[in-house]
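Me: I am new to this structure. Please take one part of it and look closely.

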Amino acid sequence: MEIKVLGPGCKRCKKTEKVVREAVAEAGADAKVDKITDMMEIAKYGVLGTPAVIVDAEVKSVGKIPNKEEIKSWLA
Amino acid sequence: MGKESQGNYFFPAKANLMPYLYLSIGLVGFYLWWLVYVRLSSVSSWLTYTLLGMERSSHLGESVWFFLYDSPKVMMLLLLVVFGVGIIRSFFTPEKTRAILSGKGEFFGNILAALLGVVTPFCSCSAVPLFIGFVAAGVPLGVTFSFLIAAPMVNEIALGLLYGLLGWKIAALYMGTGLSVAVIAGWVIGKLHMEKHIEEWVSDVNASENFEYEERLTIHDRVVYGWDAVKEIIGRVWVYVIIGIAVGAAIHGFVPEEFMASVMGRDAWWSVPLATSLGIPMYSNAAGIIPVVEALLGKGAALGTVLAFMMSVIALSLPEMVILRKVLKPRLIGVFIGVVGCGILMVGYLFNIVIQG
């Protein structure tokens, strides 16, 4: 499973990355978490806001910090 | 369908009760809020003049009173407004706004974009993906700019604070002129046909790769959304608010009456351009700048000059220019600053001429 956290480096983006990593660790999921800060890369995903979370090429959340329960439900 | 989810006559399904539950909690909460709010003035007077024993009409006493009165007042107003608008905003997403705006004609599209800029959730760190997403989906460049100008400038924080601290007339004036600047500046940028001044890589982004992202929210989700907005926004702006109020308090207590009238008054023609250019390198948000504005107005500064200063601080900020530079070539950035700056100057002069005394 591949998880990408999109965000140029604002506070909310960093928080999102942290929450995602924690959720993955807690769920013991076999997932690779990448933070994408490059604007060109972010633009390719077609999201209109950051932070955004992409799980296996699917946009799961945009413009908000997801909570852990939400993230865990994507990992299943 | 299971019995639990359907409910019965005495205990309707949970989902049906939720709106009423939240409505009653909301009303009780608002009543408590009101009880505290109306007592702020007397409590701050008591704290300053009785408990701290400061002398009324002394410089320090006036400053301390202003600070002790304004800080809780601004925070309480922010709490209410940010929560309320957070719930309204949960009905608007950038995705929906883009769908409404794509393919809209120029002038009408600019008006719509400015209005949607007020209610669509936006943070300046999202400006670049939003810009690309809008342009790639066929939203005209000028219409996109109307949105990008209105979104940070005419927002719930500015309106709520202006209403609470300076009254509804100034709040309405600010909203009306802010929207006009966004509409006209966006329209002008559209007319200049500056599409070739967008960085090349933007058009290489494959728009067909766009994902459709749609969320269905329950009342509970919307309340959570509103509360998250409160935590997020107040957590971010409280420092600005306190600094703004401290500056405002110093002006309130120590700057002589009518001093501002000579520097920022209606008769000084250069005060509007000066206020506008001073505002560009300053970076604050609406929450921090409004207590300063309140104090300046109290010392005889002209409304037009102060509005120009405020708009320039919020709408033209260097950090946002640096972010937008990733997608816009220097010339388009220059035009953006120039056109918005001219709009702000016009607002400043207009109010200084129209509003007497």
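Reply: What follows is a close look at one helix of chain B, then its wider setting.

The model is predicted. Start with helix H15 of chain B, residues 286-298. H15(B) has 13 residues. From its first C-alpha to its last, the helix reaches 18 Å. That is close to the 18 Å expected at 1.5 Å a residue.

Is H15(B) mostly covered or mostly open? It is mostly covered, with 11 of its 13 residues buried. The buried stretch begins with B:Ala286, B:Ala287 and B:Gly288. B:Ile289, B:Ile290, B:Pro291, B:Val292 and B:Val293 are buried too. So are B:Glu294, B:Ala295 and B:Leu296. Just after the helix, B:Gly300 takes a positive phi of about 90°.

Now the nonpolar core. In soluble globular proteins, nonpolar side chains tend to be buried together. Here the largest nonpolar core holds 113 residues. Five of them touch the most other members: B:Ile149, B:Ala150, B:Leu161, B:Val306 and B:Met311. Helix H4 of chain B, residues 59-89, gives the most to this core, with 12 residues.

Take B:Met311 by itself. Leaving out residues up to four places away in sequence, B:Met311 touches B:Met153, B:Gly178 and B:Val181. B:Ile344 and B:Val347 are also among its contacts.

Last, a glance at chain A. Strand E1 (residues 2-6) and strand E2 (residues 32-36) of chain A run parallel, joined by 5 bridges. A:Ile3 stands opposite A:Val33 in E2(A). Together with helix H1 (residues 11-27) of chain A, E1(A) and E2(A) make a right-handed β-α-β unit.

Terms used: Residues numbered from 1 in each chain as written. Chains lettered and ligands numbered in written order. Predicted model: local features only at pLDDT ≥ 70, side-chain atom pairs only at ≥ 80, totals over all residues. Core = buried A, V, L, I, M, F, W, Y, C linked by C-beta atoms within 7 Å. Buried ≥ 20, exposed ≤ 12 C-beta atoms within 10 Å, placed from the backbone. Helix = DSSP H or I, 4+ residues; strand = E, 2+ residues; numbered from the N terminus. Contact = placed C-beta atoms within 7 Å. Expected span 1.5 Å × (residues − 1). Pairing = 2+ DSSP bridges. Right-handed = clockwise from strand over helix to strand, strands pointing away.
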